[in-house]
Structures are given as structure tokens and as C-alpha cells.
Amino acid sequence: MNKQEMKLQKVKKSCKTAKSVTNVLSIILTVAVILCLVGALICFCKRADINTALAASGEQITVENIQLNGVLSLKMDVQELKDAGYFAEVFAIECLFGAVVCLICAVIFRQICKLFMTFENSGSPFGEEVLRTLKRTFIAVTVLVTIFVGLGLGLILGLFLWCIYCIMDYGCALQEEVDETVYTCIRKAGHSNMGKIIVRLDRMMADRKISLNELAEQVGITNVNLSKLKTGKVNAVRFSTLEAICRALNCQPGDILEYDPTESKEKQEE
């Protein structure tokens, strides 16, 4: 395993850990949402008994006003309801408010979990699918923070996430340049008498019973570039890529590439 593959495995391991943590947090928050909704339903259905019992007890119950900052600002004065003896209604409203907050957090953590899952399953952290998932996640987080927390914080967060997205976009461009297997300049350089190299990668993959995604992950290139190589839509292959493929498939370069001199003979006759 070379240095690049070791770093890639380290990234995948970190993403797997982060995915597990965010998944657990999203599950906990989802359970909290259910508990809050159940609590609100119980308070509403049993409101008469709860209000009578609390009024008879004479205990001093302190409640705080419900306030939600953001574009959709919400402020509810529940003190008047408490003074009027509607204790159960106040509890139900607070449970519903808690359910909304937990639901927002659960959605955010779920999106982050999907992002790390995409990182883990991709052949490279810099890929088109990763970039699309990153964009969706950043937009969702920014919108939710702006709506329910505040416009200022949402704008600041959006600016930071946009900068991170631009960095990742640049990384994807570099990855595509590194992994790019299509070099049209070969034929433009005057090598018109070259024979045709036939790629037999699909045959080897079928023999080894390995999918495109699995091979791309082991080789460390994107699915798109590996698909180009598999379908023969390339004019050159990097030695490092060929070495990684041979190691993953446990084969020789001659099992993957085959020379066909027919094309060069036809051109010489012309």
C-alpha cells in the first residue's frame, strides 16, 4: 500500500467514525422528537385532570416564554395561560417546541451523516458525487440555521461553508486532472500510425466478480474515470493507475491491455 492509499484509507476511517457519531446523534434526536410529541399528546388529552390536580396542589409552577429567533421569529407568552390555570396546555406547547428544535437538529445531523457516508463510499474524497452531497448539505444547514436561529448567524455560517465548498471544488478539479486518462494530445502529436490498444478490463472484472464501485474504491480513482477506462474511451493510462488495478485484480497488465496492429496496418496502406 503506497502513501496515497494509506492517506485515503485514513480519510475513509475518519469518515466512518464521524458517520457513526452523527448517525447515533440523529437517532437520539429522533427519539427525543417522538418523546416530545407523545408528551404533548398526553398533556393535551389529559389536560382537564392535569389542570385540576395542579390547581388543587397550590404549588408555584414557573414557566418561561417560548421564543425562537430567526427569519421566522416566534415569541409566545405562556405566562397568561399559566395564570389562567391552563398548565397542561403550556406543557403541551413546550413539548411541541422541543420537538421542533430536536427535529431541526436531527435533520442537520442526518444530512451530515449522509455526507460522511458519501465520503466513505467514494473512491476519492474529491469526486462529483461528494461535491453534490456537500452542496446539498451546506444549503440545508444554512437555510435551517437562518430560519430558526438568526439571519446574521446564517449568513456567517453560509459564508464559511461556501468557502469550504470552493476549496473542495478546487480539490475535485485537481483530482480530475490527476486521474484523467483521456489525453487527446497523443494523437495530435503526430502518432497517427499507432496501433489500437484494446482494454479488457470489463472481462477481468467479470472474472474476478468485482463491481465498478468496488474496484474504483480499491484503486483510488473516481467511478467516472474508471468507467472511461473500462469502456476503452481512453488514449493513455498512468502507470500508477495500471499498477493499482493489477494489484486489485491480481493480474498482469497484459490481462487488461491488448494490442491490435490492424489499425496501424490499415493506415500504412492508405
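# A walk through the helices and cores

Start by selecting Lys209, which you will find in the loop between H8 and H9. Keep in mind as you go that this is a predicted model. Lys209 is not a glycine, yet its phi is positive, at about 55°. Most residues other than glycine have a negative phi. Is Lys209 buried or exposed? Color by accessibility and you will see that Lys209 is exposed, because its relative accessible area is 77%.

**Second stop: Asn250**

Now jump to Asn250, in the loop between H11 and helix H12 (253–256). Asn250 follows just after H11, and it too is a non-glycine residue with a positive phi of about 55°. With a relative accessible area of 64%, Asn250 is exposed. While you have it selected, draw a distance to Met204: the two C-alpha atoms are separated by 9.7 Å, although the residues are 46 apart along the chain.

**Third stop: helix H11**

Step back from Asn250 into H11, and select residues 239–249. Which residues of H11 are buried? They are Thr241, Leu242, Ala244, Ile245, Cys246 and Leu249.

Pick out Thr241 to begin with. Its relative accessibility is 7%, so Thr241 counts as buried. Beyond its neighbours within four places in sequence, Thr241 is in contact with Val219 and Ile221.

Next, show the side chains of Glu243 and Arg247. They meet in a salt bridge, 3.5 Å from N to O. Both residues lie in H11, four residues apart, which is about one turn of the helix. An α-helix has 3.6 residues a turn, so residues three or four places apart point the same way. Arg247 counts as partly exposed because its relative accessibility is 41%.

**Fourth stop: the largest nonpolar core**

Stay with H11 and select Ile245. Which residues does Ile245 contact, leaving aside its neighbours within four places in sequence? They are Leu201, Val219, Leu226, Leu229 and Ile256.

Now widen the view to the largest nonpolar core, which has 19 residues. Those that touch the most other members are Leu201, Leu215, Leu226, Leu229, Ile245, Leu249 and Ile256. Color the contributing elements separately: helix H8 (201–208), helix H9 (212–219), helix H10 (223–230) and H11 each give two or more residues to this core. The most come from H11, with five residues.

Apart from this core lies another one, of 16 residues; Phe138, Val141, Val145 and Leu161 are among them.

**Fifth stop: helix H5**

To follow that second core, select helix H5, residues 128–148. This helix has 21 residues, and the distance from its first C-alpha to its last is 30 Å, close to the 30 Å expected at 1.5 Å a residue. Show its side chains, and look for the buried ones: Val130, Leu131, Thr133, Leu134, Thr137, Phe138, Val141, Thr142, Leu144, Val145 and Thr146. Three of these names, Phe138, Val141 and Val145, are also members of the 16-residue core.

**Sixth stop: the cysteines**

Select the cysteines and display their sulfur atoms. A disulfide is a covalent bond between the sulfur atoms of two cysteines. How many disulfides does the structure hold? The count is zero.

Zoom in on Cys166, which is in no disulfide: the nearest cysteine sulfur belongs to Cys163, 6.4 Å away. Cys166 is partly exposed, since its relative accessible area is 32%.

Then return to H11 for Cys246. This cysteine is in no disulfide either, and the nearest cysteine sulfur, that of Cys251, is 4.4 Å away. Such a distance is beyond the 2.5 Å within which a pair of sulfur atoms would count as a disulfide. Cys246 counts as buried, because its relative accessibility is 10%.

**Last stop: a salt bridge across the chain**

The structure holds two salt bridges, and you have visited the one between Glu243 and Arg247. For the other, select Glu258 and Arg200, whose side chains meet at 3.2 Å, N to O. This pair links distant parts of the chain, 58 residues apart. Where do its two ends lie? Glu258 is in strand S4 (residues 257–260), while Arg200 is in the loop between strand S3 (196–199) and H8. Glu258 counts as partly exposed, at 33% relative accessibility, and Arg200 also counts as partly exposed, at 26%.

How values were computed
Residues numbered from 1 in each chain as written. Predicted model: local features only at pLDDT ≥ 70, side-chain atom pairs only at ≥ 80, totals over all residues. Heavy atoms only, no water. Expected span 1.5 Å × (residues − 1). Buried < 20%, exposed > 50% of the residue type's maximum accessible area, 1.4 Å probe, protein only. Contact = heavy atoms within 4.5 Å. Core = buried A, V, L, I, M, F, W, Y, C linked by side-chain atoms within 4.5 Å. Salt bridge = Lys/Arg side-chain N within 4 Å of Asp/Glu carboxyl O.
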